[in-house]
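Dear colleague,

I am passing on a structure that I have been working through, and I would be glad if you could look it over. The files come first, and my notes on the chains, their contacts and the domains follow.

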Protein chains: 4
Amino acid sequence: MEDSDNLRHRLREFVDAQVIPAEDALEDEARAEQARARLRAAAKEAGLWALPLPAEQGGAGLPLADYFELAEDEGRSDHGPEALGSASLLNARMLAAHADPGLRERILPGLVAGELHLAYAMTEPGVAGSDPHGLRTEAKQAQDGRWRIAGRKWFTSGAARAGMILVVARTETEDAAPRDSFSILAVPAEAAGFRIVRELDVLGAGGQYEIEFDQVTVPAAHLVGPRGGGLRLAGRRLALGRTLRALRWIGQAQRAVELLAARVRERRLGAETLADRQLMQGLVFEAELQVRGARLLTRQAASLVAADRPSTVEVSMAKVAAARALSTAADSAIQAYGAEGLTAASGLPRLLRTARAARILDGADELHISGGARRLLRQYATAGNQTGRADDLVDDTIRGSGE
Amino acid sequence: MEDSDNLRHRLREFVDAQVIPAEDALEDEARAEQARARLRAAAKEAGLWALPLPAEQGGAGLPLADYFELAEDEGRSDHGPEALGSASLLNARMLAAHADPGLRERILPGLVAGELHLAYAMTEPGVAGSDPHGLRTEAKQAQDGRWRIAGRKWFTSGAARAGMILVVARTETEDAAPRDSFSILAVPAEAAGFRIVRELDVLGAGGQYEIEFDQVTVPAAHLVGPRGGGLRLAGRRLALGRTLRALRWIGQAQRAVELLAARVRERRLGAETLADRQLMQGLVFEAELQVRGARLLTRQAASLVAADRPSTVEVSMAKVAAARALSTAADSAIQAYGAEGLTAASGLPRLLRTARAARILDGADELHISGGARRLLRQYATAGNQTGRADDLVDDTIRGSGE
Amino acid sequence: MEDSDNLRHRLREFVDAQVIPAEDALEDEARAEQARARLRAAAKEAGLWALPLPAEQGGAGLPLADYFELAEDEGRSDHGPEALGSASLLNARMLAAHADPGLRERILPGLVAGELHLAYAMTEPGVAGSDPHGLRTEAKQAQDGRWRIAGRKWFTSGAARAGMILVVARTETEDAAPRDSFSILAVPAEAAGFRIVRELDVLGAGGQYEIEFDQVTVPAAHLVGPRGGGLRLAGRRLALGRTLRALRWIGQAQRAVELLAARVRERRLGAETLADRQLMQGLVFEAELQVRGARLLTRQAASLVAADRPSTVEVSMAKVAAARALSTAADSAIQAYGAEGLTAASGLPRLLRTARAARILDGADELHISGGARRLLRQYATAGNQTGRADDLVDDTIRGSGE
Amino acid sequence: MEDSDNLRHRLREFVDAQVIPAEDALEDEARAEQARARLRAAAKEAGLWALPLPAEQGGAGLPLADYFELAEDEGRSDHGPEALGSASLLNARMLAAHADPGLRERILPGLVAGELHLAYAMTEPGVAGSDPHGLRTEAKQAQDGRWRIAGRKWFTSGAARAGMILVVARTETEDAAPRDSFSILAVPAEAAGFRIVRELDVLGAGGQYEIEFDQVTVPAAHLVGPRGGGLRLAGRRLALGRTLRALRWIGQAQRAVELLAARVRERRLGAETLADRQLMQGLVFEAELQVRGARLLTRQAASLVAADRPSTVEVSMAKVAAARALSTAADSAIQAYGAEGLTAASGLPRLLRTARAARILDGADELHISGGARRLLRQYATAGNQTGRADDLVDDTIRGSGE
């Protein structure tokens, strides 16, 4: 098997040489589809496609722990995971483990091959992301077993080009425990009653949608996982999802620090360069310090996640630290670039946009701080017992908008 | 004359009821011209047009000190000054004081009436905003007295719809003192050799341009102010310009705090609202504290500027504090809104965009910090003598991109 | 009457030339009494004694609004108010307004003359400063009208040299409303059952005590203010007390900035000085910015307090801003001094100590942030009505340890 | 050999049960000597004495990498290293490697046994810690080979009880390169002309001294290391010294977080505890996050130091991060304790004192930020070449007061 340093080197080369230069095209509706297809082909050709997906589904079968070593470099561009076929990891894992076999067989091969796109729809307009029990989309089962779904979702990534939407809906009555009241259903995009309401303008970027399920019906076999078990499934994907995103944010933070370093070295001011100014040195040192600290914290969380060990506090800390490191690094790079750093051509506003969203998506930082502290205090109270109770995991981890 | 509280109240009503709802239109190229015309007419109708412009030029003749009382509310929208006819203040003052009478008469009435737009072009691609002596645009005078201008500028606001561009160009040879080497020239947009190179994408917004002067010639009478005195004129407009922008940033910061307060009061979480959460209370308190502090500092600077007294340190502090207050308030409002705050529909990304630019435009904060500290140290060294030397003013104040 | 600028100048001279050089002596038990006596005599001689105290009590009769103009300079040393006879202001006002005439006549003259020291005892060991309703010291009235007091207090400033202690004690039974359950009683230091338990070591400084009332009895006439009205009285003195202390902290912050400025100017590093280093410039600018902002906020609060208008939010903001400005300025001065700044001889640890305590005394910052935000949110909710309800004032303002 | 987890557990027990309770005694001149002797005996009895010292010198012979695993827990008290006999590590290593054999044999056994104390004297009054080339203490060699030393040092830890002082003095003339101009000499405390000038009051603590060498003479054999090589030796001990101190600061930061956690859990406020307050949760989360991040960064630096690989940037980052983590944790614990946290009895002021000093000693943070950034920028410039040039190490690492 390929030496891991070599693989990492090749992957980083691919992202820097192929994905990053294509970012403008990937964010331009008219050119996006073609750019994605070209990158997909190139990634497959390079043997870099779908690295963490199981071999039996068409992936490269890299264990999670090994993939985590690559996720930072893959994530140097927000488009890296999609370009390299690992963006489907969370959905593919969920379907492989919980979907009806027939559904699974129909979807998985295309999903892993990058030919079918899936969207995951949890967040709803008007409902706090921190309050999943407040979700209002409902699914009712008719006597023939079919589910009838009604409700609205938003911040559904890639809904417009999805062939299938995984939607979290209330399936149980009010007397069930809130945490046991929701299920996940797979809805084909062509189902009657499903529609894209509008594309959201998220800090100037597109790709996220408000969607509506207006009495959409799907067969009983489209229930994913146990009835009433939706929030548990959602919670489980969150730990992995957050870890991956934290790694990607660090990748982008590292990219921002590199741009910052290049700028201060090269920008001349008479006989000096910006690198000779202590306030610029301060920006460099602080950004690097935050990136390194966040990287170590995130790797620690990732190793717990890979080992399937309790990781809620560690993931919260990694998430918060990575979002901050990216915010600091992108902001500092812009400051060093001056007015030019505000322009799209510098590539920096894109990093700043991801940075700002990072402090909200995957659970606003405040939720992680408050929830993380409560969990930490329980751990300190039981001195030496550094693990939370297993059933705590569900409640906290499902919180937060984002997948 | 109208009672000042009443005037302020009416102006704020106008901004909130007319300008803010029109922001989307004003930022959409297809609808902007019509929206501007409609607002201009409404402002004139309401007697709110061109308040600080001299009566003899067609303005309402409000003294600077009185206008400063209104500038915060006017600036609650980035489009307020334009909608209310005070955006032309800096250019009108410069032309009234320094332009050739013929030129002045041709331009001023239309400028003050809002029928002619002027652009001010100082910043250049590839030249640090902090280093005006590095500007490379040149103007050479032919024997017939005409000036021939060659060079590029960028971050020129509103260049595409300007009828005239005021451009800072090197007119003196290398043996002149750097600070005496530049002059300001007025270039009609229809002059041969002038062209818009491209519109810049500035954090997703338009309206700023890269422009080129390719051997453009203008008559001798288009020299504004004394030959070689360009940086002195530029420096003088900066003190006023920065003060006005600081006031406007505070207006937008106040708007962000109001949105933040409304959100935390209204967002329900079970039996509570966000307002019951201490971390949200913290966001409210800190944002309000920063806005109030920045407001007081900016008013203090404004009163010095209105009295034409030394104000460099005070303006630097106001600028830095106002930019930070806006950054904090806009960021906190977004955090309280959650994912919805990232969407254009919330109105918040627009405030965040201005906030991010504020820390760079008008001189990056680092320049104000370093320059302000050096000046402060001189003041402390001469204990009790709290004023800088007059000739210091020029050097420092001309720095910074932005007008 | 003396010109106010002249008075301020003389007062500042006195503090800088007489009080600050005496700080070591004033903090050394063996020399303190003599140093105090010398300063008291000098202040009286200079006509600077007891400026804000009413003329009929032996003070100079300066209105509060005028005294506020001086309080910052007086507070450049923690010992300024005592040295200048204004430290008794809060107690003197309370006694003048609320004490039994006989008691008042016996105490006030000596208090204002600086010959009698009073201590104010509210905070108790084991009771959160934010929870005055939890106070456990009790006073019961016997049939003969005498009060019998039992309980412990701590952080009682100057208890060891006090001739009289004003103590907040529960006088009502559990069925009274908590806010109406406490009264203030004056206890002579020589009363049987009163004792100093120990002097507290507060960040290395002395002067604060734990004291005990072990069945101390005092006459009925020693009740100060209405029975059950203790927390209302305590609340009222807090608004003034906090404002004064905020002004004094700003005085010390200003002193720290001056020390910082002097150090960076004078410290040589080869051909340069520290003043040439941008990171040092950053310390100077940030400290000055915070001091100026806090000064303006505190003056705004002070003008409300002087006018007896609602000021809770403004005082909270002033308190938080002043404590932070002092923390920043003292910390920065130490950083610029390097290791020498850690030594007592530099005078800086004293400022740092006051700074650290400032964020806790007078109500921990967190209480002001949380309470201030809730009050602000009510104000924003009633748009335009920028004043809190009067009866809100009591509840929040009594919180916080310190007088 | 003892299992490392077990050793670490025993060591931590020893520090918590024996050293921390003795801190008051160890800082009280009258009781210190006895307390030190008792702890020394107990540590030897427990087999915890001199763990990192070489076996041939009387230590336990633990390799550096293994000792680094223990240093955090040992450092939970500032007195841990002395109590456990590892405080002599830096001096012992320097002497073992560089001292004349006779001198070495006379000193090392007593030093490692804890019976002889050595002081290391580098910092001088009036000379910036960042400018070792400015040191003014001189040593001149007479024809008989004896060295005659004249000069002053301060911040010399433990000088009053030292039997020998290692002093950095200029031995070469002005025409030598500055970095080759200094040497290290061992001066017996009883040498004529050596005296303790005064004990410094460092944030209220003692133990550091100003000392004078007034024409003190020592034999030629008291030169430690090569003539002119003093700064190189000093630089080398700094990398290890800084790493050890960073580990110890993290130990104390961890102790502060534990105190913080205990306080917020236990402090009641009516039906709630402080742990239910989000602002307190924020203090807990942020402190823990900083401690964990600093720990990972410091371990990374330590592993480079143990492997004798280039580590300047990593040590700078560890130093800065550890000092900040301790500052945050100690400050937060005090804030949660309220006024009680300001008292010596809470144990927290001691941690805050170390925290404040940490940002200055071992090189002020600003030096690490500026120097670290310059080094980082060189590394980024040579892309992929992540190591600094070896000869850079000397210049930067010698900077900073402290050993």
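Chain C can be superposed on chain D with an RMSD of 0.0 Å by a turn of 180 degrees and a shift of 0.0 Å along the axis, where the fit is by least squares on the C-alpha atoms of residues with pLDDT of at least 70 in both copies. That is the relation of a two-fold axis. The residue of chain C that comes closest to the rotation axis is C:G204, with its C-alpha at 2.9 Å. Of the interface residues of chain C, 100% are also interface residues in chain D, so the copies meet through the same surface.

Please keep in mind that this is a predicted model, in which local features need pLDDT of at least 70 and side-chain atom pairs count only at pLDDT 80 or more, while totals for chains, interfaces and linings use all residues. Residues are numbered from 1 along each chain as its sequence is written, and chains are lettered from A, and ligands numbered from 1, in the order in which they are written.

Between chains D and A, the contact takes 29 residues from each of the two chains, two residues being in contact if their C-beta atoms, placed from the backbone, lie within 7 Å. On the side of chain D that touches chain A, the elements giving two or more residues are α8, α9 (278–306), α10 (312–337) and α12 (365–381) of chain D; helices here are DSSP runs of H or I with at least four residues, numbered from the N terminus. The most comes from α9(D), with 12 residues. By class, this side of chain D has 17 nonpolar, seven polar and five charged residues, with Ala, Val, Leu, Ile, Met, Phe, Trp, Tyr, Cys and Pro counted as nonpolar, Asp, Glu, Lys and Arg as charged, and the others, Gly among them, as polar.

One helix pair across these chains is α12 (residues 365–381) of chain A and α8 (residues 230–266) of chain D, whose axes come within 10 Å and cross at roughly 100 degrees, the axes being lines fitted to C-alpha atoms over the stretch in contact and the angles running from 0 to 180 degrees between N-to-C directions. That makes α12(A) roughly perpendicular to α8(D), a term used for 65 to 115 degrees. A:L377, A:Y380 and A:A381 meet D:E258, D:A261, D:V264 and D:R265 in this contact.

Lastly, chain A is divided into domain 1 (4–87), domain 2 (118–227) and domain 3 (232–397), with bounds from an automatic or database domain assignment.

With best regards

Notes:
Angles under 35 degrees count as roughly parallel, over 145 as roughly antiparallel, 65 to 115 as roughly perpendicular and the rest as oblique.
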